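Student: I've got a model open and I'd like to check the labels people put on it. Can we go through them one by one?

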Amino acid sequence: MASPPSDLRVLVRRLASTPADQLPRLCPVLVGHVLRCGEPLSASDAGKGRDKGAETPMLVHKLRTHITTLLTGRNASGRFAAVCLIKAVVDVGGWESLRAADPWVRGLISVAQKIDPLPSKELAVITLTKIYMLLQGYPTLIREMATPTLPSFVTACLQLVKSPSTPTSVIETVASSLSKLVMLYPTTLRPFAGQIKTAFRTYVAPTTSDSVVVPHALRESSRRLFILLSYTAPKNGSSDEWVKSIKAAILDCHATADQIFRGVVESWESSTGYRPQPVRNELDPSGGGASVDEFPSWEGIQPGSQRLVGLLEFLAEYLDNPTKAPVTVPVGELLDLTTRLTLVTPPSPSSEETMQTNPSISRDEKADLWTVLPDIHTAVLRLHGSAIRRLADSALPLSTDITDHTVRVLSFHRTNPAVREKVYNLASPLLTLAGPTLPRLTVDSLTPLIRQVCHDILLSAGHLDDAPKPTLPVEKAKQTVQGNADAFLSTPSATPASLFSPLPASLLASAATLLPLFLSHLPQPHLSPDIRSLVDRTAILSSNKEAMLASVLQPYKDSRGRYYPSILPFLVQKFGTSKEVEVVRSNLVRAGRYAQLNTDEYDPSANLDDLLADRQLRGEEAADEEMGDAGEQTDVVAVVEKEKRVVVSSWGTAVTNGTVQEAMEVDDDTPAEVNPFAVTVKETETAVVNKKRAASPLKRKSSGGLEVGEETKVKRVAVAAAVAVDTKKVEEENSDSDDEGSVQIDMSLDDEDDEDEEEDDE
């Protein structure tokens with residue numbers, strides 16, 4: 001049998017020879033040995049009876065015994081080392097280690113309940129959560145290990161949360177652990193649902209009025225746990241419990257808004273039947289309560305806004321987290337709430353009072369309200385983004401309202417980078433979802449957004465002028481004792497204005513992602529020429545490859561049907577080595593050449609496949625016409641002298657726009673080989689034929705006709721000046737001829753010849 005790995009042998013020896021107090025320092029080394037012993041730890045014990053003298057099973061048994069001894073011992077350092085080793089063994093040991101972990105589970109629960117150091121308790125919670133999650137694939141182990149011990153584990157976790165000495169980091173670990181287990185063991189955790197809500201309600205929407213500062217990670221973990229408790233509802237009641245909880249959160253948002261918005265007269269009217277509650281103006285705004293089903297109490301505009309923002313983020317978590325069964329999302333209530341919150345706007349710079357205010361409320365409270373509105377509107381935008389992600393294509397009917405809210409928030413918080421970033425992050429999925437379906441009025445309302453995106457990108461790229469410096473009039477400057485001396489300098493500063501307030505990298509990334517969507521996901525006829533030129537210029541100056549490609553693929557056509565110049569040369573110049581750019585360039589070149597060959601007006605918006613299909617169709621039609629009219633193949637303009645035989649071939653004479661260029665005169669001594677396509681003319685002064693252009697060498701074989709060799713006397717006759725027939729007249733004469741494609745020849749004779757013929761007839 002193969003010898004055991006050296007890591008296993010060294011691990012067992014170090015555990016046996018090292019004092020328990022020194023084991024925590026060796027934990028990284030010991031855990032490394034365990035992770036390299038996955039194969040012997042996960043090996044089956046079926047072969048032990050056949051090979052009792054094997055060393056590997058014996059070492060594995062010693063390792064488990066040492067770990068159990070340390071876990072149940074009285075030394076806290078030994079228990080900490082045992083917890084670390086159990087976590088490593090469970091990760092690599094597979095089913096064999098899980099089957100032998102029953103005494104370890106009970107020992108870990110006792111560690112979480114004992115007066116051990118908090119790091120040991122936190123690590124014990126993490127290890128137990130890992131074991132319970134790994135037991136999911138083994139129903140027998142679930143029945144033997146998970147079901148009997150889970151109640152004790154949840155009780156130990158709740159004790160940790162309720163203890164005032166427990167730090168928030170440990171509480172966050174407990175919340176994350178219970179969030180994972182509540183989806184796996186909902187029936188076992190059902191009796192503890194009420195206690196869990198009571199213990200974590202404080203951390204869902206905290207305020208500065210609370211006695212503890214709640215970090216962001218703990219807020220998210222508590223909200224997730226609070227929402228996932230709907231899994232514990234009996235039978236098929238999880239959907240109803242989810243809807244009930246989210247509607248209760250919406251009502252809490254309205255109740256909080258009633259208090260903090262009392263300084264303004266709202267123009268909003270609920271579309272879902274909600275009636276604002278009366279407030280007492282003589283007292284400070286307040287809310288919450290001491291009841292089990294209520295959030296902690298708060299007082300003041302600032303704590304109230306924090307509660308409202310927390311509740312809005314709580315609603316967004318409802319849409320971001322999974323559900324046990326299909327649920328009915330109260331879209332109407334959510335949209336009604338966001339409409340109310342976005343209609344309350346701060347005063348604009350040009351006006352002191354944008355909204356009608358309540359005169360019974362102090363000016364200080366109104367000023368506090370204006371300062372908290374950006375945070376509230378940012379939370380509204382996040383809620384809209386969660387709704388779009390959760391509803392996907394079903395959110396299309398909401399796109400117009402969400403667009404209106406987004407543009408309104410941007411127009412009043414244009415100078416706030418955090419709000420602009422949220423607007424850009426929301427506009428990207430919104431345009432991807434509903435951009436091509438937006439009407440002209442909605443697209444026109446997006447003009448401030450497009451301009452702001454281009455402004456941020458150009459400012460960061462250094463293509464905008466510096467901000468104007470304040471200058472003082474000469475007379476007033478003389479009276480000023482203290483002032484900015486640099487304002488009197490005529491030489492501009494070399495420091496760009498953007499360096500004093502650099503934009504965040506996340507904001508610029510969101511703007512760069514949004515810029516191509518203005519070209520690819522908006523109806524281009526709805527954009528004005530100046531907006532389209534601004535977007536193209538921004539794409540070129542910022543070297544935005546996606547935006548430049550979208551501009552080339554979406555050419556702009558004005559109301560008169562004129563196409564604007566393409567930025568393809570700039571795209572090829574900057575990204576000439578890109579494969580996708582080469583594909584676009586080659587296809588556009590082929591399409592342009594096709595249009596030139598067919599003397600058609602080139603339409604850049606036309607698809608190349610459509611152009612090629614049209615070309616093939618025209619070729620087939622031309623082939624049919626040639627087969628039907630064989631006589632049209634002979635195209636010449638010839639002028640010959642009397643008493644001479646002229647052979648007219650499709651290669652012999654070339655006619656361009658009704659002008660004869662060449663004619664071929666053959667003597668009568670030419671061999672009498674008959675050409676069925678030849679035309680013999682006698683006593684003819686002028687023969688004019690105009691069908692197609694034919695320019696070829698003179699010495700060629702006529703199909704089935706006369707061969708012109710070296711002995712043939714060829715004489716070129718220049719008769720361009722003698723032919724005064726206009727092209728249009730020739731075409732009219734050809735149209736009047738018979739439909740058999742016969743050649744038009746001037747057969748006019750002198751009057752004397754006509755009289756001689758009449759006398760002969762008599």
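Student: Leaving aside neighbours within four places in sequence, which residues is His-33 in contact with?

Tutor: This is a predicted model, by the way. Beyond its sequence neighbours, His-33 touches Asp-7, Val-10, Leu-11 and Arg-14. His-33 itself sits in helix H2, residues 23-35. Val-10 is 23 residues away from His-33 along the chain, and their C-alpha atoms are separated by 8.0 Å.

Student: What makes His-33 buried or exposed?

Tutor: Its relative accessible area. His-33 has 9%, and buried means under 20%, so His-33 counts as buried.

Student: And Asp-456, why is that one called buried?

Tutor: Same kind of check. The relative accessible area of Asp-456 is 2%, and the cut-off is under 20%, so the label holds. Asp-456 belongs to helix H20. Setting aside residues within four places in sequence, its contacts are Arg-420, Tyr-424, Leu-503, Leu-507 and Leu-508.

Student: On to charges. Why is the pairing of Asp-102 and Arg-106 called a salt bridge?

Tutor: Their side chains meet at 3.6 Å, N to O. The limit is within 4 Å, so the pair qualifies. Both residues lie in helix H6 (residues 102-113), four residues apart, which is about one turn of the helix.

Student: How do you know whether those two are buried, exposed or something in between?

Tutor: Asp-102 has a relative accessible area of 26% and Arg-106 has 46%. Partly exposed runs between the 20% and 50% cut-offs, so Asp-102 is partly exposed and so is Arg-106.

Student: Which salt bridges link distant parts of the chain?

Tutor: Lys-197 and Glu-241 make one of them, at 3.5 Å from N to O. Lys-197 is in helix H11 (residues 193-200) and Glu-241 in helix H13 (residues 238-260), 44 residues apart. Another is Asp-320 with Arg-389, whose closest N and O atoms are 3.6 Å apart. That pair joins helix H14 (residues 301-320) to helix H16 across 69 residues.

Student: What makes Arg-389 exposed but Asp-320 partly exposed?

Tutor: Exposed means over 50%. Arg-389 has 56%, so it is exposed. Asp-320 has 36%, so it falls in the partly exposed range.

Student: How many salt bridges does the structure hold?

Tutor: It holds 21. Asp-258, Glu-266 and Arg-340 are linked in a network of them.

Student: Why are H6 and H8 called roughly parallel?

Tutor: They pack at an angle of about 10 degrees, with axes 9 Å apart. Angles under 35 degrees count as roughly parallel, so that's the right word for H6 and H8. At the interface, Asp-102, Val-105, Arg-106, Ile-109, Ala-112 and Gln-113 in H6 meet Met-145, Thr-149, Ser-152, Phe-153 and Ala-156 in H8.

Student: How do you know the end-to-end length of H24 agrees with expectation?

Tutor: H24 covers residues 529-541, so 13 residues at 1.5 Å a residue. The expected span uses one less than the number of residues, which gives 18 Å, and the end C-alpha atoms of H24 are 18 Å apart. Its buried residues include Ile-531, Leu-534, Val-535 and Ile-540. Among the elements covering them are helix H20 (447-461) and helix H25 (545-553). Just after H24, Ser-543 takes a positive phi of about 55 degrees.

Student: What does the check say for H12?

Tutor: H12 (residues 216-228) also has 13 residues and should span 18 Å; its end C-alpha atoms are 19 Å apart, which agrees. Its buried residues include Leu-218, Arg-223 and Phe-226, and the cover over its buried residues includes helix H9 (168-184), H11, H13 and H14.

Student: Last one: which residues touch the most other members in the largest nonpolar core?

Tutor: Phe-261, Leu-312, Leu-315 and Leu-449, in a core of 92 residues. Helix H16 (residues 363-391) gives the most to this core, with twelve residues. Beyond its sequence neighbours, Leu-315 is in contact with residues including Ile-246, Ile-250, Leu-334 and Leu-383. Apart from this core lies another of 69 residues, among them Val-90, Ile-142, Val-154 and Tyr-231.

Methods:
Residues are numbered from 1 along each chain as its sequence is written. This is a predicted model: local features need pLDDT of at least 70, side-chain atom pairs count only at pLDDT 80 or more; totals for chains, interfaces and linings use all residues. Side-chain values use heavy atoms; hydrogens and water are left out. A nonpolar core is a set of buried Ala, Val, Leu, Ile, Met, Phe, Trp, Tyr and Cys residues joined through side-chain atoms within 4.5 Å. Buried means under 20% relative accessible area, exposed over 50%, partly exposed in between (1.4 Å probe, protein chains only). Helices (H or I, at least four residues) and strands (E, at least two) are DSSP runs, numbered from the N terminus. Contact means heavy atoms within 4.5 Å. Axes are lines fitted to C-alpha atoms, for helices over the stretch in contact, and angles run from 0 to 180 degrees between N-to-C directions. Angles under 35 degrees count as roughly parallel, over 145 as roughly antiparallel, 65 to 115 as roughly perpendicular and the rest as oblique.
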